[in-house]
Amino acid sequence: MKIALIGYGKMGKMIEQIARERGHEIVSIIDIENQQDFDSPQFQSADVAIEFTAPQAAYGNYLKAFSHGVKVVSGSTGWMKDHGDDVRRMCCEEGQTLFWASNFSIGVAIFSAVNRYLAKIMNQFPQYDVEMEETHHVHKLDHPSGTAITLADEIVERIDRKEAWAEETTDPKMLRVDHIRRGEVAGIHTVRYDSDADIITITHDAHSRKGFALGAVLAAEYTKDHQGLLTISDMFKF
């Protein structure tokens, strides 16, 4: 498979390594200084572009890739509020393809499935209050993480006593989501259900970014043969 990379930071370099190990060809690498390469024959030859950049750049990158008929796999967050409707229309009505996930880790996909199932069970037990915490490296500026937001949304959808999620809240109707930034932590996400009698905790602790990069390449392999607006739940049927 021919892959283009959009964004060549730590994640981009790790994705390149894993893609090559799995026998794929990297036909184009686009970063800040060579945006003109979106119009190159090499980029246009890609079966899929894998995009990991900044929230303010992601949507524009999608448009540039779509203009050349290139499918996109993206882990960039923060664009959906302003541009989600446009992307859904382009993918559902205009024939474009985007596989988007806040986290491509296989372990996080499994953790998310457990989170959804546990929340469904805990909806029956109001004596348990639920809260979340996410920890990442000091270079991560946004908070809470995109993964934490996805997990929080899954909980709120399934627990009637929570109306929404929020940071630094004491409102019992809100799901509290805390964030910590320290060292070079790849990512830790914890969900706690606490009662007077006991506490139930589930945690995903990433050892490195390698799991995220592998998941992104697996998503590209899946996207090559599928169309529309795709998610992790399409690739993994839990």
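This is a conversation between a student and a tutor about how helices and strands are arranged in one predicted model.

Student: What should I know about the model before we start?
Tutor: It's predicted, so local features need pLDDT of at least 70 and side-chain atom pairs count only at pLDDT 80 or more, while totals for chains, interfaces and linings use all residues. Residues are numbered from 1 along each chain as its sequence is written, and side-chain values use heavy atoms, with hydrogens and water left out.

Student: Which parts does UniProt mark out as domains?
Tutor: An unreviewed UniProt entry places "Dihydrodipicolinate reductase N-terminal" at residues 1-104, and "Dihydrodipicolinate reductase C-terminal" at residues 107-235. UniProt positions are in the numbering used here, feature names are shortened, and annotations may be inferred rather than shown by experiment. Residues 1-104 are 41% helix and 22% strand; residues 107-235 are 36% helix and 28% strand. Helices (H or I, at least four residues) and strands (E, at least two) are DSSP runs, numbered from the N terminus.

Student: What makes helix 3 roughly parallel to helix 4?
Tutor: The axes of helix 3 (residues 55-67) and helix 4 (residues 80-93) cross at roughly 20° and come within 11 Å. Axes are lines fitted to C-alpha atoms, for helices over the stretch in contact, and angles run from 0 to 180 degrees between N-to-C directions. Angles under 35 degrees count as roughly parallel, over 145 as roughly antiparallel, 65 to 115 as roughly perpendicular and the rest as oblique. So helix 3 is roughly parallel to helix 4.

Student: Which residues of helix 3 and helix 4 make that contact?
Tutor: Helix 3 brings Tyr-59, Tyr-62, Leu-63 and Phe-66, and helix 4 brings His-83, Asp-86, Val-87, Met-90 and Cys-91. Contact means heavy atoms within 4.5 Å. By class, this contact of helix 3 with helix 4 has seven nonpolar, one polar and one charged residues. Ala, Val, Leu, Ile, Met, Phe, Trp, Tyr, Cys and Pro count as nonpolar, Asp, Glu, Lys and Arg as charged, and the others, Gly among them, as polar.

Student: Is the crossing of helix 3 and helix 4 left-handed or right-handed?
Tutor: It's left-handed. A crossing is left-handed if the near helix is turned anticlockwise from the far one by less than a right angle, and right-handed if clockwise.

Student: Why are helix 1 and helix 7 called oblique?
Tutor: Helix 1 (residues 10-21) and helix 7 (residues 210-223) pack at about 60°, with their axes 9 Å apart. That angle falls into none of the other classes, so helix 1 and helix 7 are oblique to each other. Their crossing is right-handed. Met-11, Met-14, Ile-15, Ile-18 and Ala-19 in helix 1 meet Lys-210, Phe-212, Ala-213, Leu-214, Ala-216 and Val-217 in helix 7. Sorted by class, the contact of helix 1 with helix 7 has ten nonpolar, no polar and one charged.

Student: And what about helix 5 and helix 6?
Tutor: The axes of helix 5 (residues 106-122) and helix 6 (residues 146-158) come within 8 Å and cross at roughly 25°. Helix 5 and helix 6 are therefore roughly parallel, and helix 5 passes helix 6 in a right-handed crossing.

Student: What makes strand 2 and strand 11 edge strands?
Tutor: They belong to an open sheet of six strands, in the order 2-1-3-4-5-11 with parallel pairing. Two strands pair if DSSP finds at least two bridges between them. Strand 2 (25-30) and strand 11 (228-230) each have a single partner strand, so one side of each has no neighbour in the sheet. Inside the sheet, strand 1 (residues 2-6) and strand 3 (residues 48-51) pair in the parallel sense over four bridges.

Student: Where are the edges of the sheet with order 7-8-6-9-10?
Tutor: That open sheet has five strands and mixed pairing; its edge strands are strand 7 (164-166) and strand 10 (199-205), each pairing on one side only. The twist averages 20° from one strand to the next. Six bridges join strand 6 (residues 129-136) to strand 8 (residues 174-181), which run parallel.

Student: What stands out about Pro-144 and Glu-168?
Tutor: Most residues other than glycine have a negative phi, and most peptide bonds are trans. The bond from His-143 to Pro-144 is cis, with omega near -10°, and Pro-144 is in the loop between strand 6 and helix 6. Glu-168 has a positive phi of about 50° although it is not a glycine; its place is in the loop between strand 7 and strand 8.
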